[in-house]
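This briefing goes through one protein chain, topic by topic. The sequence and the coordinates are shown first.

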Amino acid sequence: MSYKIIGKYIKKLNFNIPNAKTFFLLSKNISNYKIGIDIKSTQVKDNIIEVLTTLSLTTSKEDFEKIDTKIVYSAVVEFNNNKISKEEMEKIILIKVPSEIYSELRLIFIFLFENSGFKDVKINKIVDFEKLYNQKKIQ
């Protein structure tokens, strides 16, 4: 294997329900929200990259007060080989690492909702990061 995840942590966490009215209306309005996933990376030092996977709940509706939920999960990745092609590194950052950490990220997100009184939050157990990567390349 040309890489290894050497550390994982929650880098940023927003979970804001602005008021009781929004809390009570959220169950009714949950269908107006969709899950957003974003992946970014930054180089920490030679052969070490931080991969930031963001999971958020977003809506385009403007006629109701919104909740603000977003978690940025960091995976610190060490590469064992200096001769990794740019394409292979891109696939590791955008497909392999997010695929490995997604189940933990999902569990944390669901935990927040369930412990805030929302038992019916549905977040896909599996995300096909390779499919997302290929769709992005086509665009």
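The notes below cover the overall layout, helix α2, the salt bridges and some single residues.

This is a predicted model, in which local features need pLDDT of at least 70 and side-chain atom pairs count only at pLDDT 80 or more, while totals for chains, interfaces and linings use all residues. Residues are numbered from 1 along each chain as its sequence is written, and side-chain values use heavy atoms, with hydrogens and water left out. The chain contains three helices and four strands, where helices (H or I, at least four residues) and strands (E, at least two) are DSSP runs numbered from the N terminus.

**Overall layout**

- Read from the N terminus, the order of elements is β-α-β-β-β-α-α.
- Along the principal axes, the C-alpha atoms of the chain fill a box of roughly 55 × 30 × 20 Å.
- The chain has 139 residues, of which 36% count as buried; buried means under 20% relative accessible area, exposed means over 50%, and partly exposed lies in between (1.4 Å probe, protein chains only).
- About 9,000 Å² of the chain is exposed, and carbon and sulfur atoms supply 50% of that area. Accessible areas come from the Shrake-Rupley method with a 1.4 Å probe, and for residues only the protein chains shown count as cover.
- Among contacts in the chain with a separation of 6 or more, 72% are accounted for by residues 24 or more positions apart; a contact means heavy atoms within 4.5 Å.

**Helix α2**

- Helix α2 covers residues 86–114.
- The distance from the first C-alpha of α2 to its last is 40 Å over 29 residues, close to the 42 Å expected at 1.5 Å a residue. The expected span is 1.5 Å times one less than the number of residues.
- At Y102, α2 bends by about 45 degrees; the bend is the angle between axes fitted to the seven residues ending at a residue and the seven starting there.

**Salt bridges**

- The structure has four salt bridges, a salt bridge being a side-chain nitrogen of Lys or Arg within 4 Å of a carboxyl oxygen of Asp or Glu. Three of the pairs are described here, in the bullets on E104, K40 and E87.
- E104 pairs with K8, with the closest N and O atoms 2.6 Å apart. Because E104 lies in helix α2 and K8 in strand β1 (residues 3–16), the pair ties together parts that are 96 residues apart in sequence. E104 is partly exposed at 28% relative accessibility, and K8 is partly exposed at 40%.
- K40 pairs with D38, and their closest N and O atoms are 2.6 Å apart. K40 counts as exposed at 51% relative accessibility, whereas D38 counts as partly exposed at 33%.
- E87 and K91 form a salt bridge at 3.6 Å, N to O. Both residues lie in helix α2, four residues apart, which is about one turn of the helix. E87 is partly exposed at 44% relative accessibility, and K91 is partly exposed at 34%.

**Strand β2 and the loop after it**

- D38 belongs to strand β2, and I35 is in this strand (residues 33–45).
- Not counting residues up to four places away in sequence, D38 touches L52, T53 and T54.
- The C-alpha atoms of D38 and N81 are 26 Å apart in space, with their positions 43 residues apart in sequence.
- I35, I37 and L132 make a nonpolar surface patch of about 200 Å². Patches are made of residues with over 30% relative accessible area and no salt bridge, with like charges joined within 9 Å and nonpolar side chains (Val, Leu, Ile, Met, Phe, Trp, Tyr) within 5 Å. I35 is partly exposed at 31% relative accessibility.
- N47 lies in the loop between β2 and β3 (48–59). Although N47 is not a glycine, its phi is positive, about 65 degrees. N47 is partly exposed at 30% relative accessibility.

**T22 in helix α1**

- T22 is placed in helix α1 (residues 20–29), and at 5% relative accessibility T22 counts as buried.
- Apart from its neighbours within four places in sequence, T22 is in contact with I17, E65, K66 and I67.
- T22 and N134 are 112 residues apart along the chain, and their C-alpha atoms are separated by 37 Å.
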